[in-house]
Amino acid sequence: MEVSFILVNYNTTALLAQCLTALYKITGSSSPHFLFEVLVVDNASIQNPQPLLAAQFPQVIFLHSPKNNGFGAANNLAIPHTKGKYLFFLNPDAFLQNDAAFLLAQKMNEPQFAHCGLCGGELINAQGIPNQCFGNFPSIAGAIAALGFKFLFPAYYRKYMAVGVANYNALDKKVDYISGAAFMVRKNLVNLYGGFDDDFFLFFEETEWAWRLKQHGYYTMIFPEVKITHLEGGSTELGSYTFFNERTFRLYAQSRQLFYKKTSGRFFAAIMKPLDFLGDILQSIYRGESAAIFLKKCSILWKA
């Protein structure tokens, strides 16, 4: 078995069906001998997707989590049941546009990428415009630059400092981390160094994993020939990130601080907190958000 797909569903049965339809239509189209499997974990949804899966996708291996312990924890439930050489984590709101699993596995099999631990492709939105698909690890310099420097040197900031970056050319590139919406990892590395960190409920879990593997000598790659449509926010049931969502903002702020503490210690987290606070507040002012939203954000950031 070459690839095991793992999808986590949380009250997004309609999106899950669309995602699986695209997955089965495209995966293996490049080679009739390409073997893969699909595992779906339902994260204690109100609407159980199992009847739909049984009727339309009987080949799917279905797992049920009795409690929603977060995105990473749900994915971890499936890992022991997988048989693939590679694990492909895919959000239900991400739709394959070409044979992503085959193309990424081919790359990972090449000797030159023997130390590539994680990889992914270019994410695009429903209009075909590049979406954030990778980023740089958070840093003090990046947080300071976000206060104004990024407007003076946007290309430099995007390439070397920005936490979230949309793909900007067709070249394969080494990056710090890759979006959790769609990425592949070597299963042997999961056996050696673990999977997702269950302490992250949502956000920064893929960033921490990439950071952890980097400590063991493995890097992350983006291969832009792989195209995946991502309806950002659709699979979380938290809605679009374009508008303020209190729960989304709180989870992001909390996970960001948790990432700092786990990877760089409490002192680094303490330094980053006021810098992130200023950056988020300036962004709120720039967007012209209401006083109520502004004060709510201040409260969340202070308590994170």
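How many disulfides does a search of the whole structure find? The search finds zero, with a disulfide taken as a pair of cysteine sulfur atoms within 2.5 Å.

Before the close-ups, a word on the model: it is predicted, local features need pLDDT of at least 70, side-chain atom pairs count only at pLDDT 80 or more, and totals for chains, interfaces and linings use all residues. Residues are numbered from 1 along each chain as its sequence is written, and side-chain values use heavy atoms, with hydrogens and water left out.

**View 1. Cysteines without a bond: Cys-19 and Cys-119.**
A disulfide is a covalent bond between the sulfur atoms of two cysteines. For Cys-19, the closest cysteine sulfur belongs to Cys-119 and lies 17 Å away, which is too far for a bond. Cys-119 is in no disulfide either, and its nearest cysteine sulfur, in Cys-116, is 5.0 Å away. Cys-19 counts as buried because its relative accessibility is 0%; here buried means under 20% relative accessible area, exposed over 50%, and partly exposed in between, with a 1.4 Å probe and protein chains only. Cys-119 also has 0% relative accessibility and counts as buried.

**View 2. The largest nonpolar core, seen around Phe-5.**
A nonpolar core is a set of buried Ala, Val, Leu, Ile, Met, Phe, Trp, Tyr and Cys residues joined through side-chain atoms within 4.5 Å. The largest one holds 87 residues, and the members that touch the most others are Phe-5, Leu-7, Phe-88 and Leu-90. Helix H1 (residues 13-26) gives the most to this core, with eight residues; helices (H or I, at least four residues) and strands (E, at least two) are DSSP runs numbered from the N terminus. Contact means heavy atoms within 4.5 Å. Leaving aside neighbours within four places in sequence, the contacts of Phe-5 include Leu-23, Phe-36, Val-38, Phe-88, Leu-90 and Ala-101.

**View 3. Strands E1 and E2 side by side.**
Two strands pair if DSSP finds at least two bridges between them. Strand E1 (residues 3-9) runs parallel to E2, and the two pair over seven bridges. If you want one pair to look for, Val-8 has Val-41 as its bridge partner in E2. Strand E2 (residues 36-43) is mostly covered, with seven of its eight residues buried.

**View 4. The loops at Asn-11 and Gln-47.**
Asn-11 sits in the loop between E1 and H1. Its phi is near 60 degrees, a positive value in a residue other than glycine. With 16% relative accessibility, Asn-11 counts as buried. Gln-47 lies in the loop between E2 and helix H2 (50-56). Apart from neighbours within four places in sequence, Gln-47 is in contact with Asn-11, Thr-13 and Asp-42.

**View 5. A sheet of three strands: E8-E7-E10.**
This open sheet has antiparallel pairing. Strand E8 (165-166) and strand E10 (177-178) stand at the edges with a single partner strand each, so one side of each is left without a neighbour in the sheet. Strand E7 (residues 132-135) and E8 are joined over two bridges. Phe-134 stands opposite Val-165 in E8.

**View 6. Gly-120 in strand E6.**
Strand E6 spans residues 116-124 and holds Gly-120. Gly-120 counts as buried because its relative accessibility is 1%. Outside its neighbours within four places in sequence, Gly-120 is in contact with Leu-104, Ile-178, Ala-182, Met-221, Ile-222 and Phe-223. Gly-180 is 60 residues from Gly-120 along the chain, with 9.3 Å between their C-alpha atoms.

**View 7. Helices H10 and H11, with a kink in H11.**
Helix H11 (residues 266-287) has 22 residues and reaches 31 Å from first C-alpha to last, close to the 32 Å expected at 1.5 Å a residue; the expected span is 1.5 Å times one less than the number of residues. At Met-272 there is a kink of about 25 degrees, shortly before the proline Pro-274, where the bend is the angle between axes fitted to the seven residues ending at a residue and the seven starting there. The buried residues of H11 pack against helix H5 (140-145), helix H10 (246-264) and helix H12 (291-303). Just after H11, Gly-288 takes a positive phi of about 70 degrees. In H10, the buried residues include Phe-249, Leu-251, Arg-256 and Tyr-260. Helix H9 (205-215), H11 and H12 are among the elements that cover the buried residues of H10.
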